[in-house]
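Colleague: I should like to go through the terms applied to this structure and the grounds for each of them.

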Amino acid sequence: MNQQPRDWEVHPPYLYPDYKSTIFRAPSKPLIPMKHTLSESTGPVYGQDSVGKYDNDLTKNGIRNGEPLGERIVVSGRILDIDGRPIKNTLVEIWQANAAGRYVHKVDQHNAPLDPNFFGGGRCVTDENGRYTFMTIKPGAYPWGNHPNAWRPNHIHFSLFGSNITNRLVTQMYFPGDPLLQYDPIYQVVPEKARHLLVSQFDLSLTQPDFALGYNFDIVLRGHNATPFENQ
């Protein structure tokens, strides 16, 4: 996950007026690359050594007095390099809204119910084959105020950590056939040829019979098939 020149055929531009917050946060002057110091390039990655039994199971890690509400799903995939080789021992974190489209966060005041048995966060470490797996609840859509009647499609946020704390990549996973994708500027800002790389695929082999549907979402770190990242 070393710094590489931004591939504008895959990754979104810094400024996209339809996505209003980019107007305020996009760079107004040329960027100046800064070399990492020794402490940055060799510093620790927090989290790998303390991943708990249920950290990757969002249907269990927030339970207080019952099961979380919503459609249970398995989300799994592989973290791959530009040549398709697996990236093992990578810390993968996710966060998401609940089935009603609300986050467990004080800033989220969406008029939708909170689920007392679901807090919407999880983490795991990729195995020898670069694979991660989460059990969770399919997130709901929610309004977000970017423009009149703006709704975010169902999505899950992903964060990947590399060999040190400065090597972090952040992206979003969407679901196939979501009618809101065509109206969402966060999705539309991604170059058209790369948008499909953000959409998971239904995978019957990941389904748990009588319990949960399954979706596959591979994340590629570099190259023309790289997953578009928000912070690269």
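**Strands, burial and salt bridges**

Modeller: Strand β1 (residues 72-80) and β4 run antiparallel and are joined by 7 bridges; within this pairing, S76 has T133 of β4 as its bridge partner. This is a predicted model, in which local features need pLDDT of at least 70 and side-chain atom pairs count only at pLDDT 80 or more, while totals for chains, interfaces and linings use all residues. Residues are numbered from 1 along each chain as its sequence is written, and side-chain values use heavy atoms, with hydrogens and water left out.

Colleague: What makes β1 and β4 a pair of strands?

Modeller: Strands are DSSP runs of E with at least two residues, and helices are runs of H or I with at least four, both numbered from the N terminus. Two strands pair if DSSP finds at least two bridges between them. For β1 and β4 there are 7 bridges, so the criterion for pairing is met.

Colleague: Why is strand β4 described as largely enclosed?

Modeller: Of the 7 residues of β4 (residues 131-137), 5 are buried, so the rest of the structure largely encloses this strand. Buried means under 20% relative accessible area, exposed over 50%, and partly exposed in between (1.4 Å probe, protein chains only).

Colleague: Which strands stand at the edges of the open sheet, and why?

Modeller: The open sheet has 4 strands in the order β3-β2-β7-β8, with antiparallel pairing. Strands β3 (121-125) and β8 (168-174) each have a single partner strand, so one side of each lacks a neighbour in the sheet. The partner of β8 is β7 (residues 155-161), to which 7 bridges join it; I156 has M173 as its bridge partner in β8.

Colleague: How do you know that D55 and R123 form a salt bridge?

Modeller: A salt bridge is a side-chain nitrogen of Lys or Arg within 4 Å of a carboxyl oxygen of Asp or Glu. The closest N and O atoms of D55 and R123 are 3.0 Å apart, so the pair qualifies. D55 lies in the loop between α2 (38-42) and β1, and R123 in strand β3, so the contact ties together parts that are 68 residues apart in sequence.

Colleague: Why is D81 called buried and D83 exposed?

Modeller: D81 has 12% relative accessibility and therefore counts as buried, whereas D83, at 56%, counts as exposed. R85 is partly exposed, with a relative accessible area of 48%. Salt bridges that share partners join D81, D83 and R85 into one network: the closest N and O atoms are 2.8 Å apart for D81 and R85, and 3.2 Å apart for D83 and R85.
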